[in-house]
Amino acid sequence: MTRLIFLNGGSSSGKSGIARCLQAVLPDPWLVLGVDTLVDAMPASLRTSGAGIDFAPDGAVHVGEAFRAVEAAWIEGVVAMARAGARVVVDEVFLGGAASQRRWQRAAGDLPVLWVGVRCESTVAAGREVARGDRIAGMASAQAEVVHAGVRYDLEVDTTRTESLQCARAIAARVG
């Protein structure tokens, strides 16, 4: 039985909307945790320094050693919740592409996982980014393809012209 569903996509690609819809369509309770949850939980000192995570004015994201250390603990904690019986949707942005996926794969080990690529044309994601008003302009375009580099998926969805609920139903059909 699937314990972890990973939704990987760039900023404003529609991952959070799909995650909420998954909670509505899946028969069992699923928690939604994501990289934004981790960043929001970090002290301000790690959100404003090169050692932590830095959001550049052009939308680029840079992470340092202190962020990686906190992220490693976060990954182990999320996986521990799944091992303890929770079902978790992970709303992620694999800035390191395949290397980011490998960190999660090592931690998850033999847990049943569903890997989902969430794609969206960069121009559409950029429009959503502007409409949201809580993202740095350029982040959606910068992340649209790089987050998928070398990542292997069980399923891919595209939110460019497909609603979150329809994507969630496609994902739910693959949850064992």
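**Exercise 1. In this predicted model, find which residues of helix α3 are buried, and work out how they sit around the axis.**

Start with the list: Phe 67, Glu 71, Trp 74, Ile 75, Val 78, Val 79 and Ala 82 are the buried residues of α3. Now look down the helix axis. Those buried residues fall within an arc of 130°, so they line one face of α3. Then flip to the other side, where Glu 65, Ala 69 and Ala 73 are exposed.

Next, check the length. α3 runs over residues 65–83, which makes 19 residues. From first C-alpha to last, α3 reaches 27 Å, close to the 27 Å expected at 1.5 Å a residue. Finally, see what follows the helix: Gly 85 comes after α3 and has a positive phi, near 120°.

**Exercise 2. Work out which elements build the largest nonpolar core, and which of them gives the most.**

This core has 29 residues. Those touching the most other members are Leu 4, Phe 6, Met 42, Trp 74, Val 78, Val 90 and Trp 104. Sorting by element, β1, α2 (35–41), α3, β5 and α4 each give two or more residues. The top contributor is α3, with 6 residues.

Now zoom in on Val 78, one of the buried residues of α3. Leave out residues up to four places away in sequence, and Val 78 touches Leu 4, Leu 33, Val 88, Val 90 and Trp 104. Don't stop there, though: a second, separate core has 18 residues, including Ala 19, Leu 22, Trp 30 and Ala 172.

**Exercise 3. Describe the aromatic pairs that involve Trp 115 with Phe 6 and with Phe 94.**

A search of the whole structure turns up 3 aromatic pairs. Take Phe 6 and Trp 115 to begin with: their centres are 4.3 Å apart and their planes 15° apart, which is a stacked pair. Phe 6 belongs to strand β1 and Trp 115 to strand β6 (residues 113–119), so this pair links parts of the chain 109 residues apart. Phe 6 counts as buried because its relative accessibility is 1%, under the 20% cut-off. Trp 115, at 9%, counts as buried too.

Move on to Phe 94 and Trp 115. Here the numbers are 6.3 Å centre to centre and 55° between the planes, giving a tilted pair. Phe 94 sits in the loop between β5 (88–92) and α4 (98–108), and the two partners are 21 residues apart. With a relative accessibility of 1%, Phe 94 is buried. To wrap up, put the rings together: Phe 6, Phe 94, Trp 104 and Trp 115 form one aromatic cluster.

**Exercise 4. Decide whether Ser 12 is buried or exposed, and check its backbone.**

First locate Ser 12: it lies in the loop between β1 (4–8) and α1 (15–25). Its phi is near 65°, a positive value in a residue other than glycine. Its relative accessibility is 6%, so Ser 12 counts as buried.

**Exercise 5. Sort the two faces of helix α5.**

Begin with the buried side. In α5 (residues 122–132), Ala 125, Ala 126 and Glu 129 are buried. They cover an arc of only 105° around the axis, so they lie on the same side of α5. What covers these buried residues includes α6 (139–143).

Turn to the face pointing away: Thr 123, Val 130 and Ala 131 are exposed there. Last step, look just past the helix, where Gly 133 takes a positive phi of about 75°.

Key
Residues numbered from 1 in each chain as written. Predicted model: local features only at pLDDT ≥ 70, side-chain atom pairs only at ≥ 80, totals over all residues. Heavy atoms only, no water. Helix = DSSP H or I, 4+ residues; strand = E, 2+ residues; numbered from the N terminus. Expected span 1.5 Å × (residues − 1). Buried < 20%, exposed > 50% of the residue type's maximum accessible area, 1.4 Å probe, protein only. Arc of directions from axis to C-beta. Phe/Tyr/Trp six-rings, centres within 6.5 Å; stacked < 30°, edge-to-face > 60°. Core = buried A, V, L, I, M, F, W, Y, C linked by side-chain atoms within 4.5 Å. Contact = heavy atoms within 4.5 Å.
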